Amino acid sequence: MTEIRVPARTTAKRGEVRIVLVDDHAIVRQGLRSVLEREPQFAIVGEASSAAEALAVVAHQRPSIVLLDLKLSTSSDSEGLHLCRQLTQAHPGVGVLVLTTFLDDRLVVEAVHAGARGYVVKDVDTTELTSAIRAVSRGESAFDSRSAAAVVRSLNGQQPHGDPLTGRELDVLRLLARGMSNRTIGRELFISETTVKFHVGNLMRKLDVTRRAEAVYAASKMGLI
């Protein structure tokens, strides 16, 4: 049995976004590290090329973010989805952001269902990737425009069984689906960030979810966005 080695645990600094990279290609991890370490707040605290390595490194380092490629040692995406579910169940405070080559409606939806807080494809530019990482580190969802559209396309709709969403809640929800932060939504709708938080709390209660990504998923399933 191959021994899994993890780096010594580093001490988290205030405001630091601690990131673990999970990709079976070393050259991809090296490229991501070189790009992300240019950001002063980002710290790459571990890397993994397999599910077993990822579970060990995350348990040891307790990162803020796991940047996860769904295609690991097998040709199937099921291993990455299973790992996503394992990580989010074992470490609820860790934000899993899927960064993969494949944009597929089913994969986006299943990744969200497995607990991922965001989904972006590898051809995004550096600015969009770093923005997605920051959003997930704040507990928000982060979908690039194509993956958000994939969620919407993939599901059929019906109204919630409980209280219907108000027009303003639907406005907020549509912007959530675009990966916007509360502050950005507030600027877009000309309302305060506090008011946005109020609407987000209400729509999550009505949709019976606890996370923003789940709200996007549930609303898409109901045909609300």
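**Figure 1. Polar contact of the Asp-69 side chain in the predicted model.** In this predicted model, the side chain of Asp-69 comes to 3.2 Å from the backbone nitrogen of Lys-71. Asp-69 sits in a loop that follows β3 (65-68) and precedes α3 (78-90). Its relative accessibility is 4%, so Asp-69 counts as buried. Apart from residues up to four places away in sequence, Asp-69 touches Val-22, Asp-23, Asp-24, Leu-99, Thr-100 and Lys-122. An unreviewed UniProt entry lists Asp-69 under "modified residue: 4-aspartylphosphate".

**Figure 2. Ser-50 in the loop between β2 and α2.** The loop that holds Ser-50 runs from β2 (42-48) to α2 (51-61). A polar atom of the Ser-50 side chain lies 3.3 Å from the backbone nitrogen of Glu-53. Ser-50 has a relative accessibility of 19% and is therefore classed as buried, the cut-off being under 20%.

**Figure 3. Arg-85 of helix α3 and its contacts.** Arg-85 belongs to helix α3. With a relative accessible area of 32%, Arg-85 is partly exposed. Once neighbours within four places in sequence are set aside, Arg-85 is in contact with His-113 and Ala-114. Arg-85 and Ala-114 are 29 residues apart along the chain, and 4.6 Å separates their C-alpha atoms.

**Figure 4. Lining of the largest pocket.** The volume of the largest pocket is about 230 Å³. Its lining consists of Thr-88, Pro-92, Val-94, Val-112, His-113, Gly-115, Arg-117, Val-209, Arg-211, Glu-214, Tyr-217 and Ala-218. One of these, His-113, is also a contact of Arg-85. Sorted by class, the lining has 6 nonpolar, 3 polar and 3 charged residues. Helices α4 (105-113) and α10 (212-221) each supply at least two residues of this lining. The most comes from α10, which gives 3 residues.

**Figure 5. Helix α7 and the glycine just after it.** Helix α7 covers residues 167-177. Within this helix, Glu-169, Leu-170, Val-172, Leu-173, Leu-175, Leu-176 and Ala-177 are buried. Just after α7, Gly-179 adopts a positive phi of about 80°.

**Figure 6. Phe-190, a residue other than glycine with a positive phi.** Phe-190 has a phi near 60°. The residue is placed in the loop that links α8 (182-189) and α9 (193-207). Phe-190 counts as exposed because its relative accessible area is 76%, and the class begins over 50%.

**Figure 7. Asp-208 in the loop between α9 and α10.** Asp-208 is not a glycine, yet its phi is positive, at about 60°. The loop that holds Asp-208 leads from α9 to α10, and α10 is the helix that gives the most to the lining of the largest pocket. A relative accessibility of 70% puts Asp-208 among the exposed residues.

**Figure 8. The whole chain, for orientation.** The chain has 10 helices and 6 strands. Of its 225 residues, 50% are buried. Among contacts with a separation of 6 or more, 68% join residues 24 or more positions apart. The pair Arg-85 and Ala-114, 29 residues apart along the chain, is shown in the legend on helix α3.

Terms used: Residues numbered from 1 in each chain as written. Heavy atoms only, no water. UniProt positions renumbered as here; feature names shortened; annotations may be inferred. Helix = DSSP H or I, 4+ residues; strand = E, 2+ residues; numbered from the N terminus. Buried < 20%, exposed > 50% of the residue type's maximum accessible area, 1.4 Å probe, protein only. Contact = heavy atoms within 4.5 Å. Polar contact = N/O pair within 3.5 Å; in protein donor to acceptor, adjacent residues only side chain to side chain. 1 Å grid on protein atoms, 1.4 Å probe; cavity = no way out; pocket = protein on both sides within 12 Å on 5 of 7 lines; lining within 4 Å. Points joined across faces, edges and corners; volume = space filled by probe spheres on them. Nonpolar A, V, L, I, M, F, W, Y, C, P; charged D, E, K, R; others polar.
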